[in-house]
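Biologist: I should like to go through a structure that is new to me, one question at a time. Please show it first.

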Amino acid sequence: MSLQLLLIIAFGSSLVTYILGKLSQRLRDIFAVIASWALVVMVAVFYGKQVENTSYLKFLDMNLILRMDTLSWLFAITITVVGALSIIFALSYIKMKERTDFFYLMMLLVNASMLGIVLSGDLASFYIFWEIMSWSAFLLISYNRGPALAAGMKYIVMSILGSVAMLVAVLSLYGRFGTLVISELAPAMTSASSGYILFLLLLFFTSFGVKNAVLPFHTWLPDAHSEAPSPFSAVLSGILIKMGTYGFFIVIYAIVGLKIFLGLGQGILSFHYILSIVGAITIIIPSFIAVLQNDAKRLLAWSTVGQAGYIILGIAYGTSLSVTSGLFHFVNHAAFKALLFMVVGAVEYRTGGVRDLNSLGGLIKKMPVTFIGAIVGVCGLIGVPLTNGFVSKWLIYKTLILEGSPLLAFAALIGTWGTILYSYKLIHNIFLGQLPVEYKEIKDAPISMQVPMVIFSLVIVTFGVLPGVPLRIINNIISSLGFEPLNVSLWGIVSETGALNTINISVAVIIAGIIAWLIYRAGKSAVRVSQDDNYAAGAYVPVDKYSYTVDFYNPLYRIVSPFLKDYIDIFYVKLTGWTRKFCGKVRLVYTGDVGNYVMYIMSFIALLIFIQLTWSVWK
Amino acid sequence: MNIAWTVFLPIIAFLIGIFFLGLSRKIMARIQWRYGPPITQPIIDIIRAFSQRSVSHGILFNLGIALSVAGSVAVVLFLPFGKVCPLSSSGGLLVILYLMLLSPLGFALSGGEAANPNISIGISRKFILALGYEVPMLLILLSLMTYHKTISIVKIVEAQQNTGWSIVTLPLVLSGIAYLLILPAILGVRPFEIAGASQEISSGPMAEYGGQYLAIADVEHALSLFIGIALFVNLFLGGAGDIFAPVENFLASSGLSCMVTFLEGLVFFVKMLAVFVICVFINAVYPRLRIEQAIGYLWRWPTIFAFAGLVIVLIVGR
């Protein structure tokens, strides 16, 4: 099977789904699910295979090329799995909404274009697929209309700026080297001056930074994630923004190369170190802004910005441990963040669109499966041992400490503590505490929502207890990029300077837990009481009058909120205001009335004739 | 041998922790001119609580508390006690840092399901306080790991046998002082008894526990007291140390190597006792702070000291 066929099926199925939707809704749903899972199977077949450059189209004397290696395989399988699961999740979520055919068309189109990005072997096709992805994402973000339109506009304006930067870089590469094929660019780069490489990296950094929501290009993300429909939020946060990560990878390690990348600049002023610092800042500030949010999806969106910082930090730091961690965290983040968006989506679906953390509560008794998804996802996000997030974060901490960058390590660690705070807030305010009266009759999420959540939860725990499974694939990738591979076993990492054995940790915690449980069972069996039967030291606990979830971290909020304004967003909003004012002034001249333009032309010609007649400038 | 220690170590940790709890009540009583309860009172309380009736608020209410004990037991297995550390080669200090999180998380999940306003307030305070002391604590741990160039706690303890205690090693003095300053906050004693303030929010996260729940919560309390102090002793007071080197050599040569382990444990215990008594004195004289005041304190002097310590390590240590 060839890669062309894969892409033809991916793009074709989106169109077919749209057409089928006009015939029958049921047929369309079945076809969309089958098509998306067929892609998963087809990508899985490519495991361990290298597909060399194959030209699929000629365009202006350029060969457009597809290829597949381990790196693109890892990204492709993540894209297809998250995509397929989000399609299943969408089945009941989107049922009652309008324009469902359009929604499926766009979902499948986004997935297909992302697949195109990771399979393209030259920067021209990379750019084409990139644009398809950007635009279809825009249509999905503004799917709900209303405030979603503004969010989509914010996204697409920043996205276009990024695309323009990329286009400049791509054109300059073509002008200088006469080729855009990635494997041919890599040897050519050795002759380039470091100034030119820096120029290229900055342009690509702008483009990928916007997609990956690196500070200061993150401002579109909180709006877009919270306004998009939840199945797409899962895709958006899980994989779409990681296309920026893939871009960083391709540019930094496949085109520029490790040696040149690490050699740009000296000491603290080197490019990779500055990029690491940018990653570290991207971890800290958004993680603490997330603590202050009251909208569940907005909280998760800020958390996505923070977690993307870990990935950037890992990739930019440039040791084999850190790059492994960056790649592993990409896979992990795709799993737990997609899961969490689905959890919030399920709650939103059952409560009728409520995602305000101050008005929910106590849903654990009504939505147990959703709660299990939430708790596993949150543990992965924090990086609690036995979940996948722990391993990837452990790797980055370790390399930062041992390579002598404790301040970067501090940023990563304190970001995790911010994560604990907002994660618990998310769990507590949705699932714990008092159940409001209006949600007494609520049911658990439908089975089509439960299935993807359960699968993601299983992935998170499996990768946490047996991290060797993905780490072996990642090991192949980093050794092909010129790093020293790690000594990976199935359950951890063997190393002189500090090993990791997840099996021992798991066994210790599980056995201790079982013993504690047995001790608990040895006591008298407890009487189950209702949520209103509470002890308050003699005081009266008012029933269903107060929500204990409101202002959960109020004392902290009072301390830190003055420091955590999103000044960058405020600046951008001001910038748009100034631009609008300026354009308003320009519009006084460009009225759009043809008569006025004719008058301008006539008076300009009259001016020219006058100048010629008086001074005879033009002989 | 390792497996035997895996069983014994949590029991030893529990006994030491529960002894400290009893001792602290006695010391507090004597400071306040009272006679005080017998030193075995916490154990009596646990046994009594087991035989009493209790209420439950749901499955997570039960599971959360089991998770919190499990987390603390796991941490104990990662902490060197003397030279004994059953899981030394499975992850080191970073894993300890993360596993220490399981126990508050377990309480938070368990208490969260109870839907008691006092519990919600208590948990929120606990997390904010933890954020408060984690800032200096992470800086301290990072300066230690950077100075010793390892992430293994066993290696840090071993290194102190050559260089002397960390707290008197020149580049680490400031970090040690900062750790002492935040130790009451880590242990949750006054002035940082904010999360479990008994007179104010009826013991916060503990409010709904009775019967065997209260007993298990007390066990966890004893274990976390042990962990908080043992971590400090290991990192800054040289662990079991080798102050008895001649004695140790003598015992080892006369074939009594199990006595060596015992002596090391004893040394470790004495160091822990000294640290704990200081904390009890602090507990006795200070009133409770408000959470904002606590954060204000924790993010000022301890953080400045810890940061300065890290900078010194970065300059001197390389």
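Biologist: Which residues touch the most other members of the largest nonpolar core?

Modeller: A nonpolar core is a set of buried Ala, Val, Leu, Ile, Met, Phe, Trp, Tyr and Cys residues joined through C-beta atoms within 7 Å. The largest one holds 319 residues, and α15(A) gives the most to this core, with 19 residues. The members that touch the most others are A:A412 and B:A74.

Biologist: How should I read these names, and what kind of model is this?

Modeller: Residues are numbered from 1 along each chain as its sequence is written, while chains are lettered from A and ligands numbered from 1 in the order in which they are written. This is a predicted model, in which local features need pLDDT of at least 70, side-chain atom pairs count only at pLDDT 80 or more, and totals for chains, interfaces and linings use all residues.

Biologist: Which residues does A:A412 touch?

Modeller: Two residues are in contact if their C-beta atoms, placed from the backbone, lie within 7 Å. Residues up to four places away in sequence are not counted here. On that basis A:A412 touches A:A280, A:I283, A:Y310, A:L313, A:I396, A:Y397 and A:L400.

Biologist: Is helix α16 of chain A largely enclosed or open?

Modeller: Helices (H or I, at least four residues) and strands (E, at least two) are DSSP runs, numbered from the N terminus. A residue is buried if 20 or more other C-beta atoms lie within 10 Å of its own, exposed if 12 or fewer, and partly exposed in between, with C-beta atoms placed from the backbone. Among the elements that cover the buried residues of α16(A) are α14, α15 and α17 of chain A. Because 12 of its 15 residues are buried, α16(A) is largely enclosed.

Biologist: How far apart are the end C-alpha atoms of α16(A)?

Modeller: The expected span of a helix is 1.5 Å times one less than its number of residues. For the 15 residues of α16(A), numbered 368-382, the expected span is 21 Å, and the model agrees: the end C-alpha atoms are apart by 21 Å.

Biologist: How many residues on the side of chain A that touches chain B are nonpolar?

Modeller: The contact takes 61 residues from chain A and 63 residues from chain B. Ala, Val, Leu, Ile, Met, Phe, Trp, Tyr, Cys and Pro count as nonpolar, Asp, Glu, Lys and Arg as charged, and the others, Gly among them, as polar. On the side of chain A, 14 are polar and five charged, and the nonpolar residues number 42.

Biologist: Which residue stands opposite A:R528?

Modeller: Two strands pair if DSSP finds at least two bridges between them. Two bridges join β6(A) to strand β1 of chain B, and these strands run parallel. Opposite A:R528, in β1(B), stands B:S56.

Biologist: Is B:W33 buried or exposed?

Modeller: B:W33 lies in the loop between α1 and α2 of chain B. Its phi is near 60°, a positive value in a residue other than glycine. With 6 other C-beta atoms within 10 Å, B:W33 is exposed.

Biologist: Which peptide bond is cis?

Modeller: B:P191 is found in the loop between α8 and α9 of chain B. Omega is near 5° for the cis bond, which runs from B:R190 to B:P191.

Biologist: What is the radius of gyration of chain B?

Modeller: Chain B has 14 helices and one strand. The radius of gyration is taken over C-alpha atoms, and the globule rule is 2.2 Å times the number of residues to the power 0.38. For 318 residues the rule gives 20 Å, and the value for chain B is close to it, so chain B is as compact as a globular protein of that length, with a radius of gyration of 20 Å.
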